[in-house]
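The following note sets out numbered remarks for a colleague who will work with this model. Each point takes up one part of the fold.

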Amino acid sequence: MKRTHSLAALVLAALGLTALVSAPLASQADDKAAPAADAKPAADAQKVDEKAVARARKTAQMLDDVYKNVIVLVTDKYVNDEDDFAAGAAAVLLFQTISDKGYHNVRLLDATGDPYDAENVAKDAFEKGAIEALKKGKAQVEVIEYKEGKPVLRVMTPVPVVLQKCTMCHPHYSDAKKGEPIGAISYQIPIE
Ligand code: HEC
């Protein structure tokens, strides 16, 4: 019985996630958040190869799908009480390792103002602006920035309360309005 129940929850969550991540990644100018201090003016941004931007956007979309599905799968199958090792905590460790290796930069952020860990918050102008835009209902936010002279695509996607189980450790998630993101994932994908 329990198995059927958790499978149903997983399917529902997966459906929710699919709906969430299947929305096309924003590319229109009006979807871009205010550029952070180190973002170059539009003239420079135009020199970026559009095909390389499209590749980076696709990579972000794939990673978002993989990471979110893993977090939901682990929570559903392995996390049964508050003392179990949280998928969110595993994601923070995994994201740190992947970022340190230099493939891409990725962070799991709080969007409620009440994070488990004070490190997991929006830190710069792009992340802060993007959290506000996501809370207002944007499917995702992106901008091109330069890191050490190299272009990167910064993307933020929302994390909704996908399972009832999430409120076991984050009780304040039950205050979130329907569909309102309680978190976000912040990506920096090299444009190359
Ligand atoms: C077993 C307890 C537990 C469950 C269940 C849980 N989390 Fe977490 N969550 C944590 C812990 C602990 C952290 C802090 C991780 C760290 O920084 O090491 C965290 C961090 C987060 C963060 C980053 C912001 C913050 O608060 O630090 C988000 C977003 C998040 N969880 C979302 C979720 C979602 C969505 C679910 C349901 C799929 C969920 N969590 C289920 C314990 C839990």
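1. The hairpin of β2 and β3 has 2 residues between its strands, and E148 adopts a positive phi near 50° there. The model is a predicted one, and this backbone angle should be read as a property of that prediction. E148 is not a glycine, yet its phi is positive, at about 50°. The residue belongs to the loop between β2 and β3. Is E148 buried or exposed? It is exposed, because 6 other C-beta atoms lie within 10 Å, and the cut-off for an exposed residue is 12 or fewer.

2. The two strands of this hairpin are joined in the antiparallel sense over 7 bridges, β3 comprising residues 150-159. Three pairs illustrate the register. Y146 stands opposite P151 of β3. E142 has V155 of β3 as its bridge partner. V141 is bridged to M156, also in β3.

3. On its other pairing, β3 runs antiparallel to β4, and 8 bridges join these strands. One of the bridge pairs is formed by T157 and I185, the latter in β4.

4. How are the strands ordered in the sheet as a whole? The 4 strands form an open sheet in the order β1-β4-β3-β2, with antiparallel pairing. The edges are β1 (105-110) and β2 (141-147), each of which pairs on one side only. On average, neighbouring strands of the sheet are turned by 20° against each other, direction ignored. As a general remark, side chains in a regular strand alternate between the two faces of the sheet.

5. Burial in the strands deserves a separate comment. In β3, 9 of the 10 residues are buried, so this strand is largely enclosed by the rest of the structure. Although β2 is an edge strand, it is mostly covered, with 5 of its 7 residues buried. For the chain of 192 residues, the buried share is 33%.

6. Two helices should be considered together with the sheet. Helix α3 (residues 50-78) lies across β2, β3 and β4 (183-190), and runs at about 140° to β4. Helix α5 (residues 125-135) packs on the sheet and touches β1, β2, β3 and β4, its direction making about 35° with that of β3.

7. Which residues of α5 are buried? They are F126, A130, I131, A133 and L134. These residues lie on the same side of α5 because they cover an arc of only 165° around the axis. The strands against which the buried residues of α5 pack are β2, β3 and β4. After α5 comes G137, with a positive phi near 110°.

8. A90 offers a point of reference in helix α4. It is partly exposed, because 16 other C-beta atoms lie within 10 Å, a count between the limits of 12 or fewer for exposed and 20 or more for buried. If neighbours within four places in sequence are left aside, the contacts of A90 are V74 and F85. V74 is 16 residues away from A90 along the chain, and the C-alpha atoms of the two are separated by 9.4 Å.

9. The surroundings of the ligand draw on several parts of the chain. The shell holds 26 residues, and the closest are A86, G88, C166, C169 and G183. Two or more residues of the shell come from each of α3, α4 (87-101), β1 and α6 (166-169). By class, the shell divides into 16 nonpolar, 5 polar and 5 charged residues.

10. Finally, the overall layout. The chain contains 6 helices and 4 strands. Read from the N terminus, its elements follow the order α-α-α-α-β-α-β-β-α-β. Of the contacts with a separation of 6 or more, 71% are made by residues 24 or more positions apart.

Methods: Residues are numbered from 1 along each chain as its sequence is written. This is a predicted model: local features need pLDDT of at least 70, side-chain atom pairs count only at pLDDT 80 or more; totals for chains, interfaces and linings use all residues. Two strands pair if DSSP finds at least two bridges between them. Axes are lines fitted to C-alpha atoms, for helices over the stretch in contact, and angles run from 0 to 180 degrees between N-to-C directions. Two residues are in contact if their C-beta atoms, placed from the backbone, lie within 7 Å. A residue is near a molecule or strand if its C-beta atom, placed from the backbone, lies within 6 Å of it. Ala, Val, Leu, Ile, Met, Phe, Trp, Tyr, Cys and Pro count as nonpolar, Asp, Glu, Lys and Arg as charged, and the others, Gly among them, as polar. The arc is that of the directions from the helix axis to the C-beta atoms.
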